[in-house]
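Hi,

Here's the structure I promised to pass on. Have a look at it first, and my notes on the aromatic rings come right after.

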Amino acid sequence: MPVAASAIYFLNLRGDVLINRLYRDDVGGNMVDAFRMHIMQTKELGTCPVRQIGGCSFFYMRISNVYLVIVVSSNANVACAFKFVVEAVALFKSYFGGQFDEDSIRNNFVLIYELLDGKNYGFGYPQNLSPEILKLYITQEGVRSPFSSKPTDKPVPNATLQVTGAVGWRREGLVYKKNEVFLDIVESVNLLMSSKGSVLRCDVTGKILMKCFLSGMPDLKLGLNDKVGLEKESQLKSRPAKSGKTIELDDVTFHQCVNLTRFNSEKTVSFVPPDGEFELMKYRITEGVNLPFRVLPTIKELGRTRMEVNVKVKSVFGAKMFALGVVVKVPVPKQTAKTSFQVTSGRAKYNAALNCIVWKIRKFPGQTESTMSAEVELISTMAEKKSSTKPPIQMEFQVPMFTASGLRVRFLKVWEKSGYNTVEWVRYITKAGSYEIRC
């Protein structure tokens, strides 16, 4: 259920109330005393941002030197509460010139009360928090800090449609000489591999980033090679699905501009995009992951004062592709005294601060392999050697025009009533998230 806030408090670091707003009579006016006594004075502010005291729930967050506390008397959506706090702070900053602290609150009491009234938090329910829309109705300027930046918000020509909630993320009247859409699919590979090359854990987290410079109020339609979407399309068109790799998307979340009703019925991503840059959707893949690299380490201990390290890295992606900024970090004991290396490509050096050998390759072509051989001399110690788990080898990389999930854009259609032509740009990037190989 949505957040039905009974009260909102703004406190300084001493617990003094700077400003508060009571929306409902189901909580007492002394709730802030309970928060101060049971949380602030017991120094438990850093343990958990959600606490229950006396039948009420307290959601709180520290921004600069101010605590924002939301009090609810019933079960509520915690994520929605913190989402409101983040967007409310962004709203205040837009009025205060980028500043939000105790001084800016004291200098803008009247404005804050007006912003906390019915236009954006009616009867305890969050409503409209868009600075561009609210500034059409709450025209009062906040008292700005001398260090704040000048306002850059552009006036909105017509906000009637936006205030109704239809398209609150885009203003009308936008005109561009060249209509362009940039789409980036950025993925991070999370991997835990054994020393023999078997995958122990693997998943991909991805996001679709867009940058739109389109005139008017365009309607975009994005098609991906996801399994559910292709099956639904074949049903609607009464024809068999096209052959090719399909993927199953997990944990998909969309930007508010996406038409969820249309997605549920047609399984296509339809939306009226915001102007400029935004994150269209996020997703996760747990099956059928294409690993960009295979790493085979061999570590031999030669007595108490020497060890040999051999690491072979093989790129699995296409021969016409290449990886950039490849870094392989091989952990070594803390008592390392001297190291020597031989590499087939790139450069390697010992980093004493990290206790590892850092092997860097600026450009790694596809379907090739590189090796590093290192001899490590250790300081002799009298202490008994303890058997402990060795830290894993870690990798960093970036592979353009490659997706570990296999996700591909099948089409990106732009429709606008004026019928102008658009230029679409699509780019794929795969990066290393937590890419680890056990020694």
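Below is what turned up when I went through the ring pairs and the charges over rings.

Keep in mind that this is a predicted model. Searching the whole structure gives 15 aromatic pairs. One of them is Tyr-176 with Phe-213, an edge-to-face pair with 5.8 Å between centres and 75 degrees between planes. Tyr-176 sits in the loop between α7 (160-163) and β7 (180-193), while Phe-213 belongs to strand β8 (residues 199-213), so this contact ties together parts that are 37 residues apart in sequence. Neither ring is fully tucked away: Tyr-176 is partly exposed at 26% relative accessible area, and Phe-213 is partly exposed at 26% as well.

Then there's Phe-397 with Tyr-435. Their ring centres are 5.0 Å apart and the planes meet at 90 degrees, so this one counts as edge-to-face too. Phe-397 comes from strand β20 (residues 393-400) and Tyr-435 from strand β22 (residues 423-437), so the pair joins parts 38 residues apart in sequence. Here the rings are buried, with relative accessible areas of 5% for Phe-397 and 2% for Tyr-435.

What else do Phe-397 and Tyr-435 belong to? Ring pairs link them with Phe-293, Phe-317, Phe-364 and Phe-402 into a cluster.

Two charges over rings are worth a look as well. Arg-408 lies over the face of Tyr-428, 4.5 Å from the ring centre. Over the ring of Phe-411 you'll find the charged end of Lys-413, at 4.9 Å from the centre.

Cheers

Technical notes:
Residues numbered from 1 in each chain as written. Predicted model: local features only at pLDDT ≥ 70, side-chain atom pairs only at ≥ 80, totals over all residues. Heavy atoms only, no water. Phe/Tyr/Trp six-rings, centres within 6.5 Å; stacked < 30°, edge-to-face > 60°. Helix = DSSP H or I, 4+ residues; strand = E, 2+ residues; numbered from the N terminus. Buried < 20%, exposed > 50% of the residue type's maximum accessible area, 1.4 Å probe, protein only. Lys NZ or Arg CZ within 6 Å of the ring centre and 35° of its normal.
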